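These are my notebook entries on one protein chain, kept in the order in which I looked things up. I begin with a single residue and work outward from there.

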Amino acid sequence: MDLAFIPSPSVGVVHLGPIPLRGYAFCIIIGVFVGVWLGNKRWIQRGGRSGTVADIAVWAVPFGLVGGRLYHVITTYEPYFGKNGHPLDAFKVWEGGLGIWGAVALGAVGAWIGCRRRGIPMPAYADALAPGLALGQAIGRWGNWFNQELYGKPTDVPWALKISSDPAIGRIGGTYHPTFLYECLWCIGVAALVIWADKRFRLGHGRAFALYVAAYCAGRAWIEYMRVDEAHHILGLRLNVWTALIVFVLAVVYFVVSAKRAPGREEVVEPGALEERAAAEAAAAESAGSDSDAATEADGGDGGDGGDGAEAPAGKAPAAKSEAEDGPEAVDAAAPSADADAKPAGSGSTKKS
């Protein structure tokens, strides 16, 4: 008796009237948005313009979807072109079946087209996007959970995945290794590794992307080995295991050769972006300085009015002020003059002081 397991959803699609809302499609879409969001942040940090990653993704994402579906259909052609196959089912992407190898390969072609149109070096764009791709894959793998597909060997571990039986497609109910969850966690670790290594060693010229590819392939090889779904085998190994091993070697070779031929990181990743940013910062600083000067002038004017206070009656305030400023000596000096003015005319005095 299984005391603990991960339940699978009873349905993978919810109908909103005539519109089907499929969990697999939602996971793919959310993964794309997260990948573009993180890629945009990293692109800006490298000196690029905001929005450039999304503009190029308009080319890369459709190419990636087509490439991923082509890889799946070619390597698993029996349900579509084999005996009793249905060729039109090859277009039903929402039912699952996207090969990451084809998605990355053809998606890179789309990204190359977008980069050429913008005059951007493709390796720099790939470096900025690498951790976002890993996080996007981590989210997209939950689509397999909604479809109850691509699980591993039977197991009774507490984190086993509960799969319901479906005789129509030959699915046997039970608890299995949740390989979708293993790959999700592995991809999150790959994203963290690339971000750390990129900050620590300032990877450039496509090496952050190569690290992502190599790290992902290392995990995909052992996760793929655990799966029990039907697949073509070569020399006793599943086709995707061989693909992971070959791509891993190619990524490592590229990393080593690139580090020798082009050490360091690109100084300029998008022409004119740094100049535009400097101009915008200068304009913002100038605007802030103008506002500060205006505020200072306003404060000075208010202080002058407040210092004068209310106006005094005419003829009295100046005299009082004069006495206060001149002091007692001025008062004593003014006293004889006042007496002389008060003496009648003609009453002079012969007394000398």
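**Entry 1: Thr-179**

I started with Thr-179, which has its place in helix α7, the run of residues 179–201. I note at once that this is a predicted model, and I read every value below as computed from it. Is Thr-179 buried or exposed? Its relative accessible area is 2%, and because buried means under 20%, I count Thr-179 as buried. I then looked up what lies against it: leaving out residues up to four places away in sequence, Thr-179 touches Leu-150, Tyr-151, Gly-152, Ile-223, Met-226 and Arg-227.

**Entry 2: Glu-183**

Staying in helix α7, I went on to Glu-183. Its relative accessibility is 4%, so Glu-183 too counts as buried. Which residues does Glu-183 touch, when those up to four places away in sequence are not counted? I found Gln-137, Arg-141, Tyr-216, Arg-220 and Ile-223. For Gln-137 I also looked up the separation from Glu-183, which is 46 residues in sequence and 8.5 Å in space, from C-alpha to C-alpha.

One of these contacts carries a charge pairing, and I reminded myself that side chains of opposite charge can pair when their charged atoms come close. Glu-183 forms a salt bridge with Arg-141, and the closest N and O atoms are 3.0 Å apart. This pair links distant parts of the chain, since Glu-183 is in helix α7 while Arg-141 is in the loop between α5 and α6 (142–147), 42 residues apart. Both partners, Glu-183 and Arg-141, are buried. They also belong to a network of salt bridges, in which they are linked with Arg-220, Glu-224, Arg-227, Asp-229 and Arg-238.

**Entry 3: Asp-198 and its two partners**

How many salt bridges are there? The count comes to 15, and I followed up two that involve Asp-198. In one of them, the side chain of Asp-198 meets that of Arg-42 at 2.7 Å, N to O. The pair links distant parts of the chain, with Asp-198 in helix α7 and Arg-42 in helix α1, 156 residues apart. Asp-198 and Arg-42 are both buried.

In the other, the side chains of Arg-265 and Asp-198 meet at 2.8 Å, N to O. Arg-265 lies in the loop between α9 and α10 (273–308) and Asp-198 in helix α7, so this pair ties together parts that are 67 residues apart in sequence. Arg-265 is buried, as is Asp-198.

**Entry 4: helix α1**

Arg-42 led me to α1, where I checked the length against the rise along a helix. At 1.5 Å a residue, the 23 residues of α1 should span 33 Å, and the end C-alpha atoms are indeed 33 Å apart, which agrees. The buried residues of α1 include Gly-23, Tyr-24, Gly-31, Gly-35, Gly-39, Arg-42 and Trp-43. Among the elements that cover them are β2, α2, α5, α6 and α7. Just after α1, I noted that Gly-47 takes a positive phi of about 105°.

**Entry 5: helix α4**

I repeated the length check on α4 (residues 100–118), whose 19 residues should span 27 Å at 1.5 Å a residue; the end C-alpha atoms are 26 Å apart, which agrees. Which residues of α4 are buried? Among them are Ile-100, Trp-101, Gly-107, Gly-110, Ala-111, Gly-114 and Cys-115. Their cover includes α2 (52–75), α5 (122–140), α8 (207–226) and α9 (239–261). Just after α4, Gly-119 takes a positive phi of about 70°.

**Entry 6: a nonpolar patch**

Turning to the surface, I found a nonpolar patch formed by Val-11, Val-14, Leu-16, Ile-19, Leu-21, Phe-26 and Ile-30, with about 640 Å² of accessible area together. β1 (13–16), β2 (19–22) and α1 (23–45) each supply at least two of its residues. I looked more closely at Val-14, which is found in strand β1 and is exposed, with a relative accessible area of 52%.

**Entry 7: confidence**

Last, I looked up how far the model can be trusted. The chain averages a pLDDT of 84, and 84% of the residues score at least 70. Over residues 303–353, however, pLDDT stays under 50, and the model has 1 contact beyond four places in sequence for them. Where pLDDT is low, the predicted coordinates should not be read in detail.

Note on methods
Residues are numbered from 1 along each chain as its sequence is written. This is a predicted model: local features need pLDDT of at least 70, side-chain atom pairs count only at pLDDT 80 or more; totals for chains, interfaces and linings use all residues. Side-chain values use heavy atoms; hydrogens and water are left out. Helices (H or I, at least four residues) and strands (E, at least two) are DSSP runs, numbered from the N terminus. The expected span of a helix is 1.5 Å times one less than its number of residues. Buried means under 20% relative accessible area, exposed over 50%, partly exposed in between (1.4 Å probe, protein chains only). Contact means heavy atoms within 4.5 Å. Patches are made of residues with over 30% relative accessible area and no salt bridge: like charges are joined within 9 Å, nonpolar side chains (Val, Leu, Ile, Met, Phe, Trp, Tyr) within 5 Å. Accessible areas come from the Shrake-Rupley method with a 1.4 Å probe; for residues, only the protein chains shown count as cover. A salt bridge is a side-chain nitrogen of Lys or Arg within 4 Å of a carboxyl oxygen of Asp or Glu. pLDDT is the predictor's confidence in each residue, from 0 to 100.
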